Amino acid sequence: MTTPDTVPHLQHRTVLLDEAVDALNLDEGERKNGLYIDGTFGRGGHSRLILSRLNAAGRLVAFDKDLQAIATAEQISDPRFSIVHDSFATMGSAMAARGVAQVDGILLDLGISSPQVDDAARGFSFRHDGPLDMRMDTTRGISAAEWIATATEQHLEKVIRDYGEERFAFQIAKAIVARRAIEPISGTRQLAAIVADAVKTREKGKDPATRSFQAIRIYINQELEDLEAGLNAAYALLAPGARMSIISFHSLEDRIVKQFLASKAKVAQPDRRLPIRAVDLPQPQMKLIAKIKPSGEEVEANPRARSAVLRVAERLPDVAKGSAR
């Protein structure tokens, strides 16, 4: 198993590292000379492994919204590598600006990284008290505290219910509105305590604030909207035979990925009574390759890997665009 990458003060173990990179088929033929995208650089585990497998002619473009991730990426002094400070949802326009119309593989590792979770100053976790920020890109948008201070009770309820799949969303939203009328809600543990008081039944082994924090983080960072836009952009960039390797960590992400890939792998069957030639029948645009979960050994070494799912699909050649690289 590949050694986990490290950053100062914090350690990040890349989940499904080898499996996700292996799925790109970098060792086949001319693929070592290809152009690849790591849409979620994080702390660079996948990017470094991809670079180690590319030839001198190969190239890798990575994306990330997090300034700390960008700082880590800028330490990589490899002429084959470049980093873009933006969401992977923008990969279409970013690659077009580089004169690229097709790439040979795309990897997405969704969600948040361990350093983000473990850094109290980022406000992603209630395990350590910190400012209620939750932005992956602290140079843009509003913080969680700012949103909580102004959102209507109905909007709070909808976000917590839809993005956190929280059955006590109504009670939590009501409690947040009641508390903010007394004092500003600006700290992670402060919000966690409000949620805990509002949740009537606790899930075994899970803090009552887990779902609400997930929901607010997803909303603040527009994660699901970025995912949908990113999947479409990634598909449009894939060359014939190129693969998309995507790791998700919760059901909302995985559902979007699964449905997107299925929609490209299946086609609606026309009425058999219609006089349509076989050559004119709609064809699938992608082939589903694999669904992989972490091994028991990996989960034991890194409990945060337990919910990860890797899905791999390959673009079929009869629908790919001509190359403009």
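Is Met-134 buried or exposed? With a relative accessibility of 0%, Met-134 counts as buried. Keep in mind as you read that this is a predicted model.

**Two residues with an unusual backbone angle**

Most residues other than glycine have a negative phi. Met-134 has a positive phi of about 75 degrees although it is not a glycine, and you will find this residue in the loop between α5 (114-118) and α6 (144-150). Leu-16 also has a positive phi, of about 50 degrees, and is not a glycine either. Its place is the loop between β2 (10-11) and α1. The table sets out how accessible these residues are, together with Ile-289, which we will visit later.

| Residue | Relative accessibility | Class |
|---|---|---|
| Leu-16 | 0% | buried |
| Met-134 | 0% | buried |
| Ile-289 | 30% | partly exposed |

**The sheet**

Now look for the open sheet of seven strands, whose order is β5-β4-β3-β6-β7-β9-β8, with mixed pairing. The edges are formed by β5 and β8 (286-292); each has a single partner strand, so one side of each is left without a neighbour in the sheet. On average, neighbouring strands of this sheet are turned by 15 degrees against each other, ignoring direction. Inside the sheet, β3 and β6 pair in the parallel sense over three bridges. To see one pairing for yourself, start at Tyr-36, whose bridge partner in β6 is Gly-105.

Helices pack on this sheet too. Helix α11 lies across β3, β6, β7, β8 and β9 (309-315), and runs at about 155 degrees to β7. Helix α12 (residues 251-265) touches β7, β8 and β9, and its direction makes about 20 degrees with that of β9.

**A visit to an edge strand**

Ile-289 is part of strand β8. At 30% relative accessibility, this residue counts as partly exposed. Its C-alpha is 5.3 Å from that of Val-312, although the two residues are 23 apart in sequence. Beyond its neighbours within four places in sequence, Ile-289 is in contact with Arg-243, Val-312, Ala-313 and Glu-314.

**The nonpolar cores**

In soluble globular proteins, nonpolar side chains tend to be buried together. Here, the largest nonpolar core has 65 residues, and Met-91 and Met-244 have the most contacts inside it. Helix α11 (residues 223-237) gives the most to this core, with seven residues. What does Met-244 touch? Leaving out residues up to four places away in sequence, its contacts include Ile-106, Leu-231, Phe-260, Met-286 and Val-312. A second, separate core has 26 residues, among them Leu-16, Leu-51, Leu-60 and Phe-81. So the Leu-16 we met earlier, with its positive phi, takes part in this second core.

**An enclosed helix**

Why is helix α2 (residues 45-53) described as largely enclosed by the rest of the structure? The reason is that seven of its nine residues are buried. These are Gly-45, His-46, Ser-47, Leu-49, Ile-50, Leu-51 and Arg-53. The buried residues of α2 pack against one helix segment, α1 (17-22), and against the strands β3 (35-38), β4 (59-64), β5 (81-85), β6 (103-109) and β7 (238-248). Among the buried residues of α2 is Leu-51, which also belongs to the second core.

Notes
Residues numbered from 1 in each chain as written. Predicted model: local features only at pLDDT ≥ 70, side-chain atom pairs only at ≥ 80, totals over all residues. Heavy atoms only, no water. Buried < 20%, exposed > 50% of the residue type's maximum accessible area, 1.4 Å probe, protein only. Helix = DSSP H or I, 4+ residues; strand = E, 2+ residues; numbered from the N terminus. Contact = heavy atoms within 4.5 Å. Core = buried A, V, L, I, M, F, W, Y, C linked by side-chain atoms within 4.5 Å. Pairing = 2+ DSSP bridges. Axes fitted to C-alpha atoms, helices over the stretch in contact; angles between N-to-C directions.
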